[in-house]
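Reader: I have a protein model to study and I am new to this. Can we go through it in questions and answers?

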Amino acid sequence: MNKLTYIFIVFISFLSCKSEPTQFSTEALNDTFVTLNGTQATFQSILDKHQGKTIVIDIWASWCSDCIKGMPKVKALQASNPELAYVFLSLDKEQGAWKRGIEKYQVTGDHYFMANGKDCDFADFVNISWIPRYMVVNKAGEIVVFNVIEADDDKLLKAIKN
């Protein structure tokens, strides 16, 4: 009986393991973000802008204490890896707060505002449960890190070195 229970648990665990995506969905790629100058940009155009580079995506908000506490790690990552592209996607509630946060915390990189917050195709695809949220897209455009919450996470650091 114990052996059967063990096999059942292993089988259920295996089935419940959801593999992380390596490509963005069409809906996520077509979702739009607001640029610093107020124009619209699709997520696909954001990725295209950095084509051929490894991209670190940071989903954050200026009101998020964990995001702010994590900024020194992001800045250290940027200092030691200046060749990477850094894309910041903001979940701030309004654009003024977003822009003030960028200035206040001296966040350098490519900035976009998620006008619909978590209620959009991109957020649905990413399934944001916590911020900050970091992702890495490799030079070939594949998602190699889908979900880490620390900019110095070993998984992230290993992915940017490949």
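Reader: Which exposed residues sit on the face of H5 turned away from its buried side?

Author: This is a predicted model. Exposed here takes a relative accessible area over 50%. On the face of helix H5 turned away from its buried side, the residues that count as exposed are Arg100, Glu103 and Lys104.

Reader: And within what arc do the buried residues of H5 fall?

Author: Helix H5 covers residues 95-104, and its buried residues are Ala97, Trp98, Gly101 and Ile102. Look down the helix axis. These buried residues line one face of H5, because they fall within an arc of 135°.

Reader: Which strands help to cover the buried residues of H5?

Author: Covering means contact, with heavy atoms within 4.5 Å. The cover of the buried residues of H5 includes four strands: E1 (32-35), E3 (55-60), E4 (85-90) and E5 (110-113).

Reader: At the start of H5, which backbone nitrogen does a side-chain oxygen of glutamate 94 reach?

Author: Look at the start of the helix. The oxygen belongs to the side chain of glutamate 94, and it comes to within 2.9 Å of its partner. That partner is the backbone nitrogen of glycine 96.

Reader: Is valine 34 buried or exposed?

Author: Valine 34 lies in strand E1. Among the residues it touches is Trp98, along with Tyr112 and Phe113. The cut-off for buried is under 20% relative accessible area. Valine 34 has 5%, so it is buried.

Reader: How far apart are the C-alpha atoms of valine 34 and serine 90?

Author: Along the chain, the two residues are 56 residues apart. In space, the C-alpha atoms of valine 34 and serine 90 are separated by 9.7 Å.

Reader: With which side chain does the side chain of histidine 50 make a polar contact?

Author: Histidine 50 is in the loop between helix H3 (43-49) and E3. With 12% relative accessibility, it counts as buried. Beyond four places away in sequence, histidine 50 touches Ile55, Ala85, Val87 and Asp110. Its side chain makes a polar contact, at 2.7 Å, with the side chain of aspartate 110.

Reader: What is unusual about the backbone of glutamine 106, and what is its phi?

Author: Most residues other than glycine have a negative phi. Glutamine 106 is in the loop between H5 and E5, and it is exposed, at 58% relative accessibility. It is not a glycine, yet its phi is positive, at about 50°.

Reader: What is the phi of asparagine 127?

Author: Asparagine 127 is in the loop between H6 and E6. Its relative accessible area is 55%, so it is exposed. Although not a glycine, asparagine 127 has a positive phi of about 55°.

Reader: Is the peptide bond from isoleucine 131 to proline 132 cis or trans?

Author: Most peptide bonds are trans. Proline 132 is in the loop between helix H6 (121-126) and strand E6 (133-137). From isoleucine 131 to proline 132, omega is near 5°, and the bond is cis.

Reader: Which element gives the largest share of the lining of the largest pocket?

Author: The largest pocket has a volume of about 220 Å³. Of its 16 lining residues, those closest to the centre are Gln44, Leu47, Val137, Ala140 and Gly141. The lining divides into six nonpolar, seven polar and three charged residues. Its largest share, three residues, comes from H3.

Reader: Last one: what percentage of the residues count as buried?

Author: The chain comes to seven helices and seven strands. It has 162 residues, and the part that counts as buried is 44%.

Note on methods: Residues are numbered from 1 along each chain as its sequence is written. This is a predicted model: local features need pLDDT of at least 70, side-chain atom pairs count only at pLDDT 80 or more; totals for chains, interfaces and linings use all residues. Side-chain values use heavy atoms; hydrogens and water are left out. Buried means under 20% relative accessible area, exposed over 50%, partly exposed in between (1.4 Å probe, protein chains only). Helices (H or I, at least four residues) and strands (E, at least two) are DSSP runs, numbered from the N terminus. The arc is that of the directions from the helix axis to the C-beta atoms. A polar contact is a pair of N or O atoms within 3.5 Å; within protein, one must be able to donate a hydrogen and the other to accept it, and residues adjacent in sequence count only if both atoms are side-chain atoms. On a 1 Å grid over the protein atoms alone, a cavity is a set of points where a 1.4 Å probe fits but cannot get out, and a pocket is an open set with protein on both sides within 12 Å along at least five of seven lines; lining residues have an atom within 4 Å of a point. Grid points are joined across faces, edges and corners, and a volume is the space filled by probe spheres set on the points. Ala, Val, Leu, Ile, Met, Phe, Trp, Tyr, Cys and Pro count as nonpolar, Asp, Glu, Lys and Arg as charged, and the others, Gly among them, as polar.
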